[in-house]
Amino acid sequence: MSKMLVTYFSATGTTRRLAETMAAALGADIAEIVPAEIYTNADLNWRDSGSRSTLEMRDEASRPLLDSAIDVAPYDTVFVGFPIWWGIAPRIVETFLESTSFSGKTIVAFATSGGSGMGRTVDVLKKSAPDARFLNGRLMRASESEKSIRKWVDSLDI
């Protein structure tokens, strides 16, 4: 099996819980995608047309800054987790993918959502890491079991 890294962005802790369970299930390393400016509750208010998250998601060129880089060089497979915002991954995930080379790496997206599916998320993310091989991602519950995660990963062509 390849050397794996579970990365994740989590504004409220939901995706963090899932990423921790996934890393434990896979025996993988884990790293958090941390924004330079942490999102406040007001920033996350999707009902506010002027909130930070709304403005970022409306602007396809928006790339929120990262607090620090994540070294993916030692890994063959990188799982990238995030909540679904406006039907896709938050823009900071694109920042992360564009911040380093994923050449020759396999990326597997996983997401949490309060109601929407993965939509066109993987197609959008492929543009940010064009040299990577993307496998089909999956929408998951934050309470997903290690057994369920392991079964899913075992079904992938990694």
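**Entry 1: the sheet**

In what order do the five strands form the open sheet? I looked this up before anything else, keeping in mind that I was reading a predicted model. The order is β2-β1-β3-β4-β5, and the pairing is parallel. I reminded myself that strands of a sheet pair through backbone hydrogen bonds, either parallel or antiparallel.

Next I looked for the edges. They are β2, residues 29–32, and β5, residues 133–139, and each of these pairs on one side only. I also noted the twist, which averages 20 degrees from one strand to the next.

Then I picked one pair of strands to follow. Strand β1 covers residues 4–8 and strand β3 covers residues 77–83; they run parallel and are joined by five bridges. If you want a spot to find by eye, try M4, which stands opposite T77 in β3.

**Entry 2: helices across the sheet**

Which strands does helix α1 lie across? I found that α1, residues 14–26, lies across β1, β2, β3 and β4. Its direction is at about 135 degrees to β4, the strand of residues 106–112.

I did the same for helix α5, residues 146–155. This helix lies across β3, β4 and β5, and I noted an angle of about 150 degrees to β5.

**Entry 3: I158**

I moved on to I158, which sits in the segment after α5. Is I158 buried or exposed? Neither word fits: its relative accessibility is 36%, and partly exposed means between 20% and 50%, so I158 counts as partly exposed.

I listed its contacts, leaving out residues up to four places away in sequence. I158 touches S2, T77, F79, R133, L135 and V153. T77 was already in my notes, as the residue in β3 opposite M4. I also checked a distance: I158 and E144 are 14 residues apart along the chain, and their C-alpha atoms are separated by 21 Å.

**Entry 4: W86**

W86 is in the loop between β3 and α3, where α3 is residues 91–98. What is phi of W86 near? I wrote down 55 degrees, a positive value in a residue other than glycine. That caught my eye because most residues other than glycine have a negative phi. W86 has a relative accessible area of 41%, so it is partly exposed.

**Entry 5: two pockets**

I started with the largest pocket, which holds about 290 Å³ of space. Its lining has 14 residues, and L44, W46, P83, I84 and W85 lie nearest its centre. How do the lining residues divide by class? I found seven nonpolar, seven polar and no charged.

The second largest pocket has a volume of about 200 Å³. Among its lining residues are M57, E60, R120, K127 and W86, the loop residue from my last entry. By class, this lining has four nonpolar, one polar and seven charged residues. Which element gives the most to this lining? The answer is α3, with three residues.

**Entry 6: E94**

I finished with E94, which is in helix α3 and is one of the residues lining the second largest pocket. Is E94 buried or exposed? With a relative accessible area of 4%, which is under the 20% cut-off, E94 is buried. Not counting residues up to four places away in sequence, E94 touches R63, V124, L125 and S128. I went back to the pocket list and found R63, V124 and S128 there too.

How values were computed: Residues numbered from 1 in each chain as written. Predicted model: local features only at pLDDT ≥ 70, side-chain atom pairs only at ≥ 80, totals over all residues. Heavy atoms only, no water. Pairing = 2+ DSSP bridges. Helix = DSSP H or I, 4+ residues; strand = E, 2+ residues; numbered from the N terminus. Axes fitted to C-alpha atoms, helices over the stretch in contact; angles between N-to-C directions. Contact = heavy atoms within 4.5 Å. Buried < 20%, exposed > 50% of the residue type's maximum accessible area, 1.4 Å probe, protein only. 1 Å grid on protein atoms, 1.4 Å probe; cavity = no way out; pocket = protein on both sides within 12 Å on 5 of 7 lines; lining within 4 Å. Points joined across faces, edges and corners; volume = space filled by probe spheres on them. Nonpolar A, V, L, I, M, F, W, Y, C, P; charged D, E, K, R; others polar.
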